[in-house]
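Me: Here's a chain I'd like to understand better. Please zoom in on one part, the nonpolar core, and spell out the cut-offs as you go.

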Amino acid sequence: LYVTALDSARNAVVVGPKTALERHALQASGVVFVDGAWPVEPFECLAQIRSHADPVAASVTPGANGELTVAFAQPPRAVTPGQAVVLYDGDRVLGGGRISA
């Protein structure tokens, strides 16, 4: 079993199978784009959630106030709030932000 969540209100550790660690999407906040332009339309790119993880194909939907939704073509494991998500077009960095949910 794997730790899938911490429930501080109940003072409990939630566990589940390895597949429970997979996430199909995430929310990011404090997002900054390298070129300074905020996209107005959804776009496709590669998204990387850990420094040594392989980037994964993703669809990005911009929101308001520096937030966006990243939906993965293949769900990565262990998407964790507080970590960074970095967006790429090939090997060119588009931008990134903090995973909020």
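Reply: Starting from the outside, the chain exposes about 6,300 Å², with carbon and sulfur atoms supplying 54% of that area (Shrake-Rupley method, 1.4 Å probe; for residues, only the protein chains shown count as cover). Keep in mind that this is a predicted model, where local features need pLDDT of at least 70 and side-chain atom pairs count only at pLDDT 80 or more, while totals for chains, interfaces and linings use all residues. Residues are numbered from 1 along each chain as its sequence is written, and side-chain values use heavy atoms, leaving out hydrogens and water.

Now the fold around the core. You've got 0 helices and 8 strands, which read β-β-β-β-β-β-β-β along the sequence (both element types are DSSP runs numbered from the N terminus: helices are H or I with at least four residues, strands E with at least two). The C-alpha trace spans about 45 × 25 × 20 Å along its principal axes. Of the 101 residues, 31% are buried (under 20% relative accessible area; exposed is over 50%, partly exposed in between, with a 1.4 Å probe and protein chains only).

On to the core itself. The largest one has 19 residues, and the members touching the most others are Leu26, Leu68, Val70, Phe72, Val85 and Leu87. By nonpolar core I mean a set of buried Ala, Val, Leu, Ile, Met, Phe, Trp, Tyr and Cys residues joined through side-chain atoms within 4.5 Å. At least two of its residues come from each of E3 (25-33), E4 (43-48), E5 (56-62), E6 (68-72), E7 (84-89) and E8 (92-99). E3 gives the largest share, 4 residues. As background, nonpolar side chains tend to be buried together in soluble globular proteins.

Phe72 deserves its own look. Setting aside neighbours within four places in sequence, Phe72 is in contact with Arg23, His24, Ala25, Leu26, Ala47, Ile49, Val56, Ala57, Ala58 and Val79 (contact means heavy atoms within 4.5 Å). Chain-wide, among contacts between residues at least 6 apart in sequence, 50% join residues at least 24 apart.

For contrast, consider two loop residues. Most residues other than glycine have a negative phi. Asn65, in the loop between E5 and E6, has a positive phi near 55°, and Asn65 is exposed at 76% relative accessible area. Ala78 sits in the loop between E6 and E7 with phi near 60°, and Ala78 counts as partly exposed at 31%.
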